Amino acid sequence: MTSKANDERKSDIVYDVDNLNLWYGNDQALRDVTLDIKRNEVTAIIGPSGCGKSTFIKTLNRMVELIPIVRTSGEIYYHGNNIFEKTTRVEDLRTKVGMVFQKPNPFPKSVFENVVYGPRIHGIKSRKVLEEIAEISLKRAALWDEVKDRLHDNAYGLSGGQQQRLCIARVLAVEPEVVLMDEPTSALDPISTLKIEDLIHELKQTYTIIIVTHNMQQAGRISEKTAFFLNGEVIEYDRTEMIFSTPKDKRTEDYITGRFG
Amino acid sequence: MANGSGSGKYEKLAIEAPSFQKRTKRRILLDKVAGKLFSLSIFFALAVLCILLYQIVSKSIGWLDFKFLTGNLSMDPYKAGIRGVIIGSVLLMVVVIPVTLLLGVSTAIYLEEYAGKSRLRSIINTNISNLASVPSVIFGLLGLTVFGRLFNLGSSILAGGLTLSLLVLPIVVVASQEAIRAVPGFLRDASYAIGATKWTTVKKVVLPASLPGILTGSILAMSRAIGETAPLVVLGIPTLILRIPNGLLDDFTALPIQIYYWTLDTVLTAEYANLAAATIVVLLVLLFLMNSAAIIIRNKFQKRY
């Protein structure tokens with residue numbers, strides 16, 4: 001798939017990853033990763049533990065650089081701009097590209113303060129505007145009805161699933177374009193998981209979603225595209241139904257049929 | 001499990017079960033003896049403390065009254081009061097608290113959040129821990145050279161306060177570093193992932209979460225500062241100040257200093273021993289209050305994640 005060849009389709013490309021390599025010290029975690037990610041699609045990243053899938057999405061918003069020993073080579077273009085360029089400000093990138101983590105990580109503050117954390121640090125002070133943003137974001141995260149009467153209670157009183165949707169609301173409150181999700185349901189019960197999956201279906205109308213998942217059924221249910229990672233390499237990247245019905249690579253087939261992983 | 005198919009056979013243990021039980025009896029006995037020994041050592045410490053307290057309190061009875069707390073210093077033991085001494089100690093804290101909090105917490109933030117994992121950082125870290133165990137007399141000499149002589153502050157409250165600040169700064173830095181380190185990484189990640197800068201993250205996430213720990217450590221450091229004698233003696237705090245200090249550049253005397261001088265002069269006037277005892281009680285009450293404050297803050301604001 002060459003993105004540069006076709007200008008018309010290029011506008012649809014959010015991320016263009018080119019020969020990305022990444023090392024933790026001397027251990028190589030990503031090898032020549034090359035793929036495009038399209039707007040308003042859900043892209044699932046699957047693969048066994050330690051295959052580099054989490055590392056990969058953490059590279060997309062450069063969160064991976066918080067680990068001091070990381071080195072990278074290759075390029076990641078976000079709307080045509082190389083995110084590793086000196087002129088790219090990570091703060092801007094991470095505002096446009098939000099992230100939801102494996103374990104729900106609300107701040108030890110009220111539900112309201114959690115949601116408006118982003119808008120506040122970007123300088124919005126008006127109480128009225130903040131309240132509006134909180135309501136809209138919580139509604140988008142399908143949490144409003146459950147928390148509208150306890151906006152000022154501590155977020156730690158919410159259930160795990162609610163906390164995770166709160167974290168999604170907190171990301172949505174800064175109007176991102178892309179939402180990265182690193183195994184967002186692996187710490188949740190089946191009902192909460194289902195709610196998050198429904199939410200992902202809603203969100204893809206507005207946002208581009210890249211989700212790492214351990215759960216292949218989940219990848220099948222929610223994603224348009226699936227990338228199979230193994231030992232830091234992209235083994236296969238295709239439409240999800242193709243990956244699950246007619247995988248081209250033997251290793252993909254072995255993995256999705258449960259022969260290893 | 002998968003590759004050990006040949007060696008997985010069941011083998012009998014070499015020792016028979018009953019011999020285990022014999023050992024159990026012995027182990028339980030040993031456990032009881034150990035418990036008794038440990039309780040004996042705490043009893044020893046408590047006994048010494050009680051004797052000390054009894055001696056001090058019994059000597060101070062009849063001397064520690066309102067007049068003693070509010071009166072001015074005097075050569076005459078029956079007229080002497082420690083108002084000026086208490087004011088001296090309070091003014092010392094007025095210097096020590098802001099200086100150590102500001103410098104100590106800033107240093108801790110830099111070392112934990114900003115400085116990378118460089119070799120220099122680990123050298124600095126080790127040396128801060130070493131500084132915390134340097135004898136206080138050495139800090140007194142440093143204070144005398146730098147603040148007393150070089151900055152020409154003499155034996156003023158400012159000179160004394162800055163010297164004590166240097167003394168407890170390492171303690172505040174180490175305590176703050178530990179409190180900051182205890183803030184879970186996933187909270188920082190949440191902030192960074194939303195486009196926050198380092199300073200925003202420190203200000204809005206790290207500091208609020210680590211404040212109880214920082215305050216507890218700092219108050220304990222302050223109570224060390226308020227009880228320090230040696231560095232002030234080295235600075236040359238005058239033996240007897242009849243004037244009450246009313247500015248940071250005035251000469252002063254503080255509670256531990258006064259206790260020291262009165263105890264020294266007991267050979268001349270026997271009643272000075274009672275004055276020293278009464279002053280010790282005042283200092284102990286002050287320390288007790290500060291430590292209680294530290295415990296209350298820790299219990300009240302401690303956050304669980």
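Here are some worked exercises on this two-chain structure, which is a predicted model.

**Exercise 1. Find the largest pocket, then work out which parts of the two chains line it.**

Step 1: start with size. The largest pocket has a volume of about 810 Å³.

Step 2: look at its centre. The lining counts 29 residues, and L66(A), I67(A), P68(A), R188(B) and Y192(B) are the ones closest to the centre.

Step 3: move out to the helices. Two or more lining residues come from each of α2 (53-60) of chain A and α3 (83-114), α6 (157-181) and α7 (185-192) of chain B. Of these, α7(B) gives the most, with five residues.

Step 4: sort the lining by chemistry. You get twelve nonpolar, five polar and twelve charged residues.

**Exercise 2. Stay with α7(B) and say which of its residues are buried and what covers them.**

Step 1: list the buried residues. They are L187(B), R188(B), A190(B), S191(B) and Y192(B). You've already met two of these names, R188(B) and Y192(B), at the pocket centre.

Step 2: look for the cover. On the chain A side it includes α3 (90-96), α5 and α8. Chain B adds its own α3, α6 and α8 (198-226).

**Exercise 3. Check the span of α6(A), then decide how its buried residues sit around the axis.**

Step 1: take the span. Helix α6 of chain A runs over residues 127-140, which is 14 residues, and reaches 20 Å from its first C-alpha to its last. That's close to the 20 Å expected at 1.5 Å a residue.

Step 2: pick out the buried residues, using the cut-off of under 20% relative accessible area. In α6(A) these are L130(A), I133(A), A134(A), S137(A) and L138(A).

Step 3: place them around the helix. They cover an arc of only 120° around the axis, so they sit on the same side of α6(A).

Step 4: see what they pack against. The partners are α4 (111-115), α5 (117-121), α7 (144-147) and α8 (160-172), which belong to chain A.

Step 5: step past the helix end. Just after α6(A), A142(A) takes a positive phi of about 55°.

**Exercise 4. Work out how much of α8(A) is buried.**

Step 1: get the length. α8(A) has 13 residues and reaches 19 Å from first C-alpha to last, close to the 18 Å expected at 1.5 Å a residue.

Step 2: count the buried ones. Twelve of the 13 residues are buried, so this helix is mostly covered.

Step 3: scan the names. Among the buried residues are Q162(A), Q163(A), Q164(A), R165(A) and R170(A), along with L166(A), C167(A), I168(A) and V171(A).

**Exercise 5. Two glutamates, E183(A) and E224(A), sit in loops: are they buried or exposed, and what do they touch?**

Step 1: locate E183(A). You'll find it in the loop between β7 (178-182) and α9 (190-203) of chain A.

Step 2: apply the 20% cut-off. E183(A) has a relative accessible area of 11%, so it counts as buried.

Step 3: check its contacts. Not counting residues up to four places away in sequence, E183(A) touches K53(A), Q102(A), V212(A), T213(A) and H214(A). I211(A) is 28 residues from E183(A) in sequence, yet their C-alpha atoms are 6.8 Å apart.

Step 4: repeat for E224(A). This one lies in the loop between α10 (216-222) and β9 (225-230) of chain A. Its relative accessible area is 18%, so E224(A) is buried too.

Step 5: list its partners. Leaving out residues up to four places away in sequence, E224(A) touches E41(A), V42(A), K204(A), D238(A), R239(A), T240(A) and E241(A).

**Exercise 6. Compare the setting of two non-glycine residues with positive phi, E175(A) and N152(B).**

Step 1: read the angles. E175(A) has a phi of about 50°, and that of N152(B) is near 60°.

Step 2: place both. E175(A) is in the loop between α8 and β7 of chain A, while N152(B) lies in the loop between α5 (136-150) and α6 of chain B.

Step 3: classify the exposure. At 48% relative accessibility, E175(A) counts as partly exposed. N152(B) comes in at 65%, so it counts as exposed.

Note on methods: Residues numbered from 1 in each chain as written. Chains lettered and ligands numbered in written order. Predicted model: local features only at pLDDT ≥ 70, side-chain atom pairs only at ≥ 80, totals over all residues. Heavy atoms only, no water. 1 Å grid on protein atoms, 1.4 Å probe; cavity = no way out; pocket = protein on both sides within 12 Å on 5 of 7 lines; lining within 4 Å. Points joined across faces, edges and corners; volume = space filled by probe spheres on them. Helix = DSSP H or I, 4+ residues; strand = E, 2+ residues; numbered from the N terminus. Nonpolar A, V, L, I, M, F, W, Y, C, P; charged D, E, K, R; others polar. Expected span 1.5 Å × (residues − 1). Buried < 20%, exposed > 50% of the residue type's maximum accessible area, 1.4 Å probe, protein only. Arc of directions from axis to C-beta. Contact = heavy atoms within 4.5 Å.
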